[in-house]
Amino acid sequence: MFNGKFILAPMVRVGRLPFRLTCLQYGADLVYAEEVIAQRLLKSTKIINETLGTVDFYDEDGGICFRTSEIESKKVIFQMGVSDPQVAVDAAKKIEPYVAGIDVNMGCPKDYSIKGNMGAALLTQPELVKQILSSLTAVCTKPVTCKIRILDNEEETLALCKLIESTGVAALSVHGRTRYTRSSQPCNYEIIQKIKESLTIPVILNGASLDIKNRSDMKEMIKKTGVNSIMVARAAWQNPSVFRESGPAPIKEAVSTFLKLCIDFECPLHILKYTIGKFRGAFKDYESSLEVTRHIEPRLIYKHFGLADYYDEVTKKRPQTFQETYQMSKPQKLDNSCKVLKEEFTPTILQSFRSSIAPRQILNQWLEANGFSKPHYYTTCDGRIFTGFLKIDNDTFMVEGNFKNKRTAIQAVAYAYCTSFHIELRHYKTGPKSVDNNTQCRIGATL
């Protein structure tokens with residue numbers, strides 16, 4: 001399964017279903033999903049989404065922590081972040097029927113992973129590594145793999161790899177940089193060659209995107225290092241057709257393929273913006289990219305790429321999104337305690353509203369237009385980190401996140417409220433009016 005394969009690496013926010021399917025269409029053999037924290041998966045609810053033809057795992061607040069489709073079921077690898085063997089086993093049992101394999105992230109250098117004793121924090125805890133992987137291989141019927149980064153010391157790196165092999169994993173992915181090495185610095189191919197020579201299980205090379213522009217480069221890299229397969233991240237993000245045998249497709253074609261899948265599978269707006277922002281050559285210049293990513297309506301982005309008609313055709317068949325249905329199936333009367341709104345904020349999501357109507361203004365207009373009382377915004381501060389709160393009638397909401405000033409925290413809670421309850425981010429005519437039955441359904445969870 002892991003020999004001679006060209007693989008999409010796991011990437012946070014990017015590795016969602018539309019991007020994975022795009023890479024598969026262009027020749028990727030396997031696709032790794034973005035990392036999901038095992039505890040979050042365990043708390044999620046599995047929903048069969050007949051509208052989209054997907055299996056969705058919704059977290060406690062109605063956010064999707066993982067979505068997959070039968071199209072990729074034999075080629076998608078689920079990657080988890082975990083620090084406890086039993087939690088790893090429980091998460092694997094829950095997700096295993098819907099994926100082709102299970103991977104444990106032992107290479108992520110981000111603070112949230114390190115502080116949670118996950119990712120690269122595991123590299124210096126060989127006994128815990130052994131416990132987690134041995135527990136998984138003992139119960140999983142699908143292949144179990146592991147993804148690591150190299151250590152500063154060559155001897156320790158080789159020893160860790162031998163230990164991982166002893167747990168019975170099907171393959172080992174190695175990023176040829178340490179947790180402290182920046183992606184702009186060269187990948188250490190020499191140590192990966194030595195790892196391959198010392199192991200009998202398949203070794204997958206990762207971290208070579210600086211030297212890859214097409215599939216031929218991937219083949220040459222496999223030949224150069226002697227590894228069994230290769231896994232790419234940034235090279236695929238710049239153009240997902242990098243896997244194509246005949247060479248990368250024109251970027252406009254690749255973007256169109258990706259965007260149609262975003263429409264088909266309801267890609268969240270901030271994920272859409274974040275992903276296309278790195279497609280090399282997707283925009284004629286920097287100003288053009290800013291203009292598009294500032295849009296607050298998905299249709300305007302699709303229109304920029306000539307897909308407005310396709311968007312209208314597909315969405316017209318869905319008078320109500322599946323996520324709205326799920327949201328309305330939850331208890332509609334909230335108590336007076338604070339409701340936490342969970343929303344993924346990228347570094348650019350709130351910046352995208354500059355030079356356009358802001359989320360707070362949008363929400364105020366919508367509330368007035370639908371007969372709500374005037375909202376009250378306020379913040380709290382803990383060590384220079386601000387949290388935004390929103391009170392509407394008798395309900396109070398807050399948003400999770402580390403915001404550096406009051407204004408951002410307030411805009412964040414307004415944005416999170418809009419996205420949580422599916423309020424379109426556009427101008428609304430103000431003035432009191434009666435609320436029709438359809439509107440009552442859409443806002444029922446806030447009453």
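Which residues of helix α3 (residues 85–95) are buried? I looked this up first and noted P85, V87, A88, V89, A91, A92 and I95. I took buried to mean under 20% relative accessible area, exposed over 50%, and partly exposed in between, with a 1.4 Å probe and protein chains only. Helices (H or I, at least four residues) and strands (E, at least two) are DSSP runs, numbered from the N terminus.

**Basis of the entries**

I worked with a predicted model, in which local features need pLDDT of at least 70 and side-chain atom pairs count only at pLDDT 80 or more, while totals for chains, interfaces and linings use all residues. Residues are numbered from 1 along each chain as its sequence is written, and side-chain values use heavy atoms, with hydrogens and water left out.

**Entry: surroundings of α3**

I next looked up what covers the buried residues of α3, and found that the cover includes α2 (38–42), β5 (54–58), β6 (64–69), β7 (76–81), β8 (101–106) and α5 (126–139). Contact here means heavy atoms within 4.5 Å. At the N-terminal end of α3 I noted a cap, D84, with a side-chain oxygen 3.0 Å from the backbone nitrogen of Q86.

**Entry: the whole chain**

I recorded 18 helices and 16 strands in the protein chain. Of its 447 residues, 55% are buried. I also looked at contacts between residues at least 6 apart in sequence, and 68% of these join residues at least 24 apart. The accessible surface comes to about 20,500 Å², with 49% of it belonging to carbon and sulfur atoms. That area comes from the Shrake-Rupley method with a 1.4 Å probe.

**Entry: nonpolar cores**

In soluble globular proteins, nonpolar side chains tend to be buried together. I used this definition: a nonpolar core is a set of buried Ala, Val, Leu, Ile, Met, Phe, Trp, Tyr and Cys residues joined through side-chain atoms within 4.5 Å. The largest core has 114 residues, and M80, I148 and F243 have the most contacts inside it. Helix α10 (residues 251–264) gives the most to this core, with eight residues. Another core lies apart from it and has 26 residues, including I357, I362, V399 and A416.

I then followed M80. Leaving aside neighbours within four places in sequence, I found M80 in contact with E35, V36, A38, A88, A91, A92, I102, D103, V104 and N105.

**Entry: α10 and α11**

How far apart are the axes of α10 and helix α11 (residues 269–276)? I noted 11 Å, with a packing angle of about 170°. Axes are lines fitted to C-alpha atoms, for helices over the stretch in contact, and angles run from 0 to 180 degrees between N-to-C directions. Angles under 35 degrees count as roughly parallel, over 145 as roughly antiparallel, 65 to 115 as roughly perpendicular and the rest as oblique. The two helices, α10 and α11, are therefore roughly antiparallel to each other. F258, L259 and C262 of α10 make the contact with L272, T275 and I276 of α11.

I263 is also found in α10. I recorded I263 as buried, at 2% relative accessibility. I263 and Y302 are 39 residues apart in sequence, yet 8.8 Å apart in space, C-alpha to C-alpha. Beyond neighbours within four places in sequence, I263 is in contact with Y302, L307, Y310, Y311, V314 and R318.

**Entry: α1 and the loop before it**

L17 lies in helix α1 (residues 17–25). L17 counts as buried, at 3% relative accessibility. Among its contacts outside four places in sequence I noted T54, R67, T68, S69, E72 and F265.

R13 lies in the loop between β1 (6–8) and α1. Most residues other than glycine have a negative phi, and most peptide bonds are trans. Phi of R13, however, is near 70°, a positive value. R13 is buried, with a relative accessible area of 18%.

**Entry: α4 and the loop after it**

Is S113, in helix α4 (residues 111–115), buried or exposed? S113 counts as buried because its relative accessibility is 0%. I114 is found in α4 as well, but counts as partly exposed at 22%. S113 touches E35, C108, M118 and G119, with residues up to four places away not counted. On the same basis of counting, I114 touches C108, P109, A120, A121 and R179.

In the loop between α4 and α5 I located N117. N117 has a positive phi of about 60° although it is not a glycine. N117 is partly exposed, with a relative accessible area of 27%.

Technical notes. A polar contact is a pair of N or O atoms within 3.5 Å; within protein, one must be able to donate a hydrogen and the other to accept it, and residues adjacent in sequence count only if both atoms are side-chain atoms.
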